[in-house]
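User: I would like to go through this model with you. Could we start with the strands?

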Amino acid sequence: MSEKHSIYFLIDVFENEFKIIKSLNLKDKINNYIIDEEYDRELNSFSNNKEHIQRIIKFMKYYYRKKIVNKKKIKSWLLNLFSANNFYGQYCELMAYVWMFEMKIKFTPQVMIDSEELLNKKRVELDGVIDKKEIYFDIKSFGIQFYAREIFRRKLQEQFKGKIVYIEGLRDSSYKDISKYAFDSMKDIVEALEKKHSYFIEGLRWNIRILDIGKDNIKLVKKRQRKEFDPYRFARENKFFCIRKASQFTINKPFILICSFSDSFNNFYDKGNLKNTNTALRALARRTFMELNKCNKKAIRFDGRLDDNLLVKDVVKYISALIFINFNSGMSRIFLNPYGQNKIKKSDIFDIINGNRYTDFEIDDFEYDIY
């Protein structure tokens, strides 16, 4: 069983390990509270994960001492990391940096790029650039739809104290659909559940049940009946995931979208069947590069910062590669876009990765998928 910690305990751990953090006065900006195992489960898990904490601190120390990042940037990272609302995205970002650092990829985090170099109409800050090849990258929290489902359940739970909120049904809906059919309809769903202790969300194929607290129901929830996960359906439902920040794609230099996730928070990652996971990730990358390469939908539907005349096929070509990183195990899958405007070759990847910490590392250039 994990220990219960407070936010200030977590801050103290960082301050004790990296002295400059104490001068950031984080406690002046953050209210203290006990991290709840039920409602802040991921943050609670992190507060007990000494290995991840040490790895993040090691990365920060190195980049600070090399004068690549300053105290202001470290403070920004930590304020997000110690926030229940911003934790997940910041955790995924920092652990992607850690993976790159441990793979001895030389990169500069947090770089400003002028609008003429982007699909964006404005100057923006990207998550970084790989120095050797001038390859720009941005990091996205992957598997966020599973995280969103759990957050939605917890928000419902706040409305039904003394009861158990249980959601059964499909687990591979898109994040966009979860936002539309769940979060945007929260008030109506709560009202319906107050009248009748079950509600079916047609758009998500979710059945929500309000259960009394009792031994049998607690056992049911803990079991969480495993639902069949179809990797190809997952890829189809999430095929637009990679272009939701298309305005940040660089147009004259290679661009990599890094998708960072933890197997602890995402049930698409099948620990008992890695083949299933590999299939899902490859299918998603293939959908992105092959299907969206012919998609005539308006790209502004997925990123409102794009010009109205751009189509999906016009923007997806600026993804040179996708990298999926499981930052718990170090597993990484790199997929190169055969139709990329600014191509990255396998030899380029091996040229920038000098570390050998992780062996579960694969590159796929879809050589035999172009026909």
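Analyst: Certainly, bearing in mind that the model is predicted. Strand β6 (residues 206–212) pairs with β5 in the antiparallel sense, over four bridges.

User: Which residue of β6 stands opposite Phe 200?

Analyst: That residue is Asn 207.

User: What is the strand order of the open sheet?

Analyst: The order is β4-β6-β5, three strands with antiparallel pairing.

User: Why is one side of β4 and of β5 left without a neighbour in the sheet?

Analyst: β4 (163–169) and β5 (198–201) are the edge strands and each has a single partner strand, so one side of each has no neighbour in the sheet. On average, neighbouring strands here are turned by 20° against each other, direction ignored.

User: Which helix packs on the sheet?

Analyst: Helix α8 (residues 186–195) does, touching β5 and β6. The direction of α8 makes about 145° with that of β5.

User: Turning to the interior, which residues touch the most other members in the largest nonpolar core?

Analyst: That core has 60 residues, and those touching the most other members are Phe 14, Phe 46, Phe 59, Ile 74, Leu 78 and Phe 82. Helix α5 (residues 87–102) supplies the largest share of this core, 12 residues.

User: What does Phe 59 touch, leaving out residues up to four places away in sequence?

Analyst: Phe 59 touches Trp 77, Leu 94, Tyr 97, Val 98, Phe 101 and Phe 107.

User: And what lies apart from the largest core?

Analyst: Another core lies apart from it, with 45 residues, including Val 129, Tyr 136, Met 290 and Val 316.

Definitions and conventions. Residues numbered from 1 in each chain as written. Predicted model: local features only at pLDDT ≥ 70, side-chain atom pairs only at ≥ 80, totals over all residues. Heavy atoms only, no water. Core = buried A, V, L, I, M, F, W, Y, C linked by side-chain atoms within 4.5 Å. Buried < 20%, exposed > 50% of the residue type's maximum accessible area, 1.4 Å probe, protein only. Helix = DSSP H or I, 4+ residues; strand = E, 2+ residues; numbered from the N terminus. Contact = heavy atoms within 4.5 Å. Pairing = 2+ DSSP bridges. Axes fitted to C-alpha atoms, helices over the stretch in contact; angles between N-to-C directions.
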